[in-house]
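Colleague: Could you walk me through how the parts of this protein model touch one another? I would like to follow the reasoning as we go.

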Amino acid sequence: YGLSFYLTYLVHWPEYFKIAESSDGRVMGYVMGKSEGYNEKWHGHVTALSVAPEFRRLGLAGKLMAGLEDVSEKKRAYFVDLFVRVSNDVAVALYKKLGYTVYRRVLEYYSGNSSPMFEQDEDAFDMRKSLSRDPERKSMIPLEKPVRPEDVD
Amino acid sequence: QNNKSDPRERRLKAIYDALDAGNNKKAIQEAEKVLRKEAGDSLCAKALRALALLRYGRLDEATAAASEVERVDTSEESVLQAMTYFYKESHRLDLIAAMYERAVQQQPKSEDLLTSLFMAHVRVLDHKKQQLTAAKLHRLAPSKNPYYFWSVMSVLMQATECGGELASKMLLPLAAKMAEAFRDRMNAEAEVQLYLMVLEMQERFEDCLATLDGPLSSLLSPQSTEMTRQQRMGYLEKLGRKQELADARWEDLTTEPNDWARWQSCIQSSINADISQGGDYVEADPRLSELQSRIDAIAAEHPGLSGPCLARLELMRRCPVSCRPETALSLMRSYFEAFASRPAVASDLLQFRSLLSDTDENSSPAKLLELIRPGLPEWPKAAADADRQQLVRDLTARINYEQLSRGLLNKPMDAEQRNAKVAELIQAYRANLLDGLRPTEVQPADDLLLLAVSLHYDAWLVEDAKQSETHLLQALYLLDEGLSGSPSNYNIMLWMIRLFIALGAWTPASNLYERLDVKQILLESVGFVLSRQVARCGLLSQGLVMLNNTAMFYKNNWRDIVEHLCTAYRIGNFRKVPELVALTDRVSSSLESVFCGLELRHQSLLLSGPNIVEGVYEMGAPPESSSSAESPQPAFDGLVDGRDFRLVREFRSDLLAATADASRLLEDERAWLLYRSLGLRCVSHLTRMATEMASTGSVTKQADAARALKQQLMEQSAGSTGDSLPAFDIEPHPCLPYPACLPAHFAAGSQALLAPAIDYFLNLLPPSTDNSSAGVADASSIDPLLESFDAQLAAVEVINADGGSAATAPVEPLFGQQLQRLSCLCESACLLSLVHELTAVALAGKLAMSKKQRRPYETFCRTVRSRIGDRINRAAAALEALEAVWKAKIGQAWTDADGQEETVGVGGDDGGQPKRRCRAKVDELLCQSRCRCLGEMLNLLRVKARLSETGRAGGAT
């Protein structure tokens with residue numbers, strides 16, 4: 001991301017930045033997010049979660065996500081949500097393990113040519129996990145039909 | 001837009017729409033239409049036209065249009081907004097403030113205008129004026145807290161900026177008084193935090209603690225609990241309340257017993273608390289064993305956690321009296337045995353290497369390896385039915401062992417050992433490639449391949465094999481194989497960039513750099529892997545693009561950061577204000593930014609083609625040299641080096657040590673920047689000399705300045721070629737600049753031309769020109785300049801002679817070094833060409849004289865032209881011959897590869913040999929890229945040669 005993107009988050013939601021450092025001072029991973037929405041849609045959102053390849057399989061993603069969920073709890077959010085490439089089965093499996101379910105599919109959410117790795121447009125799963133303020137897990141009930149990116153609120 | 005019936009609004013909307021759609025040409029037309037219809041009355045249309053012209057790239061017209069708007073004082077919101085965009089996009093933030101100052105004079109009671117004025121001051125970091133403006137806002141709207149606290153924050157920022165007594169005796173007490181006056185009216189967390197910031201700067205930490213415990217703490221939000229905990233511990237530390245701090249740290253640890261940062265603070269604060277109570281530790285100190293048991297108890301409570309196990313080692317490191325090498329060895333052994341199948345265990349342990357003994361065999365690094373080896377799993381083999389998770393665990397344990405062993409033994413192997421190890425590693429690598437990984441995932445076995453690459457690199461460094469490309473090529477072949485299985489492994493790509501550059505192949509290196517997707521902030525930390533190479537790879541247009549992108553990144557970011565600073569004020573996130581201001585400082589003192597800026601100017605000067613003289617003016621001399629030559633050379637102090645030298649993983653601590661000497665590395669860079677800026681000043685001064693000579697017919701005004709510049713040049717050359725900077729010294733760590741820019745450049749003989757060029761111009765005209773027919777300098781005055789060039793040319797012609805035959809070793813064994821020498825030769829040829837151009841400029845006045853009088857000048861010019869042209873042609877011939885050698889090799893690699901059977905198979909006993917397909921591919925890439933570099937340089941030389949042939953210098957201007 002551009003510096004400006006990070007700064008927007010840093011100025012508005014500094015509490016949502018978490019970083020993991022190794023014993024010899026390397027950055028192993030980080031998470032950033034925000035809180036937004038009104039009434040029962042007031043929720044925490046995972047904007048980026050990243051773990052360096054050499055530090056995978058240490059449970060860092062779970063730790064970082066737990067930190068973000070904790071902040072969202074304290075902010076009295078109803079749920080936490082995130083978007084993930086439908087092809088990214090490793091990440092989807094991880095989020096499922098952490099208690100997230102696919103709430104809906106967002107068509108062509110990721111545009112092609114955004115990185116040398118991905119040349120095609122791709123759909124996203126919008127995945128959600130209810131927090132303690134939503135004990136009946138209403139916010140997690142899946143939608144049947146996919147939505148267009150412009151209809152995502 | 002509400003009033004859709006108003007035709008004027010409708011017409012303006014058409015301009016806005018065109019601008020929003022990025023159709024700037026249409027926006028210009030729409031604006032001009034409005035201006036025609038309204039007889040030029042619409043100020044808004046004028047402002048929008050200026051903006052559209054700017055975005056369309058018609059800068060002169062844009063500036064003219066903008067100054068037309070500036071002449072009218074207005075407080076019309078739409079005009080002010082359009083002009084704000086205009087100033088932002090032309091990087092003139094200062095003019096926004098000036099514009100709103102004028103607007104506020106017209107409407108002094110407008111809260112909106114004053115707010116805009118406040119933000120305009122924020123953008124240029126004018127804290128004093130911020131304060132005054134915020135005070136005005138507060139007087140207008142006394143019930144609005146934010147305005148009041150804007151002024152408190154502005155006072156605080158003035159204190160941060162000026163420091164010293166003014167801050168401590170006047171500004172900070174003022175800020176504190178202002179904040180305290182509003183204590184009862186505070187109603188937001190941000191205001192409490194601002195109050196704390198003031199107290200912190202006043203070092204009133206007791207008051208800080210009291211505030212955290214007092215009634216104001218009710219304003220702190222639940223999500224800030226973590227931050228306030230940290231704040232509280234920070235205050236205890238400042239107050240020297242060591243026991244309380246230690247207690248708080250241990251309590252903090254219990255919530256996250258695997259958090260390494262917390263362990264480090266815990267151990268350190270316990271040591272500090274103990275020592276402050278009763279002196280230094282001694283052996284068998286009961287306090288020490290108490291601390292050890294405390295750590296052991298937590299370790300026992302959480303058996304699966306690695307943090308508590310490392311904590312015992314950390315205690316030994318921080319408190320050497322507690323260290324017994326045999327205990328360290330046994331702790332490290334059990335750590336490895338417990339966690340071997342997890343990633344990064346080797347680097348966890350290697351930081352404690354110094355706790356082992358180098359003298360006692362029983363607690364030596366070798367002993368540790370000997371003890372853990374029997375417990376290792378067998379090399380696994382990937383197969384369809386294998387349990388993948390188990391396989392990765394076993395593989396990781398073996399990788400950890402190999403990495404640990406490299407780091408613990410810390411020395412290169414002999415050739416036999418090394419070949420056997422490479423074979424073992426590569427076979428294990430090939431046997432353990434996993435199917436079905438996403439392209440963004442890396443193969444776990446890649447680390448084995450990278451270790452084999454390190455071994456080849458060791459061999460190249462140690463065996464004085466720097467004379468040959470063999471080991472580097474072997475490493476590259478393996479890396480190419482690795483990349484095809486792991487297309488996003490950045491370690492592989494960084495290694496390849498480094499090796500391709502060493503072998504003089506810019507294009508593949510630059511392609512990999514693009515594939516790494518280095519952009520944005522990565523330019524600061526990673527960009528150096530390529531930006532440092534532009535100068536040594538020939539004068540490439542691709543390099544210019546790269547430097548330009550980086551320069552733009554820094555320029556635009558400054559503007560972006562101050563916009564976020566405005567937001568921080570607007571939403572009252574005062575904690576971020578000093579951080580963002582510090583970030584603007586950081587951006588402007590970035591080494592990478594200055595480096596790329598200077599290099600860009602230098603490269604564009606050399607590439608600027610036939611209008612080189614105009615080119616110098618156009619891009620302007622570097623700002624630090626825009627004054628006269630006598631002004632002191634910029635020292636480039638205070639630059640911040642953001643390069644991340646730990647990008648490529650290395651485990652040998654002796655090699656890592658080279659990256660740790662940050663000051664030496666920065667010193668190398670500063671020497672280079674000084675050299676480059678001196679070179680640029682010199683060129684811009686020569687240009688100025690030539691034009692002044694043309695108008696005055698004398699050099700007297702410029703002579704002293706030129707001599708001063710020459711003196712500086714000589715001094716720097718003398719200082720930089722001394723023993724302290726050995727030429728072509730290869731940096732031992734793969735991530736370091738290879739070799740440092742300046743010594744490599746000097747070794748290639750590049751600096752030698754500038755001083756004689758100044759001498760030549762000083763001698764070009766005699767001091768007095770009263771007798772106009774006499775006095776043209778002797779054509780031999782150019783001899784020293786040409787001699788320097790001939791020396792460079794001779795060195796290149798030696799390379800050339802050897803390039804075709806393998807019988808004799810070339811002067812520079814690596815093509816990367818040869819290329820650097822050629823690149824320096826090209827730079828010199830460009831400078832010669834400039835001298836020839838400037839000769840014509842300097843003598844222009846003389847050449848316009850009557851036919852009889854101008855003859856000696858014409859003869860002189862012609863001689864200079866032909867002698868310089870001859871040199872450039874010879875340089876081109878040398879390059880052409882070398883290019884022919886490499887052109888002939890294109891395609892051969894594939895023929896060779898196709899001609900033989902591939903015997904290397906998966907898991908076969910092939911001795912870890914590179915695959916033939918990879919060899920052919922890399923060899924071909926090298927040939928093509930070398931040809932391309934040579935070709936580009938050759939084209940440049942031909943342009944310069946043609947220039948001297950067409951005789952621009954011979955004719956009158």
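What follows is a short exchange about two interfaces in this predicted model.

Colleague: Happy to start with the basics: which domains is chain B divided into?

Modeller: Domain 1 covers 8–124 and domain 2 covers 410–518. The remaining one is pieced together from several segments, 752–767 + 777–802 + 813–894 + 914–956, and that is domain 3 of chain B.

Colleague: How many residues does domain 3 of chain B give to the contact with domain 2 of chain B?

Modeller: The centres of the two domains, taken over C-alpha atoms, are separated by 37 Å. Between them, domain 2 and domain 3 of chain B bury about 1,700 Å², with 63% of it on carbon and sulfur atoms. Domain 2 of chain B puts 23 residues into the contact, and domain 3 of chain B puts in 18 residues.

Colleague: Which residue does B:K921 meet in a salt bridge?

Modeller: Between domain 2 and domain 3 of chain B, the count is 2 salt bridges. A salt bridge needs a Lys or Arg side-chain nitrogen within 4 Å of a carboxyl oxygen of Asp or Glu. At 3.1 Å, N to O, the side chain of B:K921 has such a partner, B:D480.

Colleague: Which element gives the largest share of the side of domain 2 of chain B that touches domain 3 of chain B?

Modeller: The rule finds 8 residue pairs in polar contact across this interface, both residues at pLDDT 80 or more. On the domain 2 side, the elements giving two or more residues are α24 (470–485), α25 (490–502) and α26 (506–515) of chain B. By class, that side has 13 nonpolar, 5 polar and 5 charged residues. Its largest share, 8 residues, comes from α24(B).

Colleague: Now for the two chains: what area do chain B and chain A bury between them?

Modeller: Their contact takes 45 residues from chain B and 35 residues from chain A. Of the area buried between these chains, 60% is on carbon and sulfur atoms, and the total is about 3,300 Å².

Colleague: Which element gives the most to the side of chain B that touches chain A?

Modeller: Across this interface the rule finds 2 salt bridges, including B:E256 with A:K63 at 3.6 Å, N to O. There are also 13 residue pairs in polar contact, both at pLDDT 80 or more. Elements giving two or more residues to the chain B side include α25, α26 and α30 (576–588). With 7 residues, the one that gives the most is α29(B).

Key:
Residues are numbered from 1 along each chain as its sequence is written. Chains are lettered from A and ligands numbered from 1 in the order in which they are written. This is a predicted model: local features need pLDDT of at least 70, side-chain atom pairs count only at pLDDT 80 or more; totals for chains, interfaces and linings use all residues. Side-chain values use heavy atoms; hydrogens and water are left out. Domain bounds come from an automatic or database domain assignment. Contact means heavy atoms within 4.5 Å. Buried area is the accessible area (1.4 Å probe) that two parts lose on being put together, summed over both. A polar contact is a pair of N or O atoms within 3.5 Å; within protein, one must be able to donate a hydrogen and the other to accept it, and residues adjacent in sequence count only if both atoms are side-chain atoms. Helices (H or I, at least four residues) and strands (E, at least two) are DSSP runs, numbered from the N terminus. Ala, Val, Leu, Ile, Met, Phe, Trp, Tyr, Cys and Pro count as nonpolar, Asp, Glu, Lys and Arg as charged, and the others, Gly among them, as polar.
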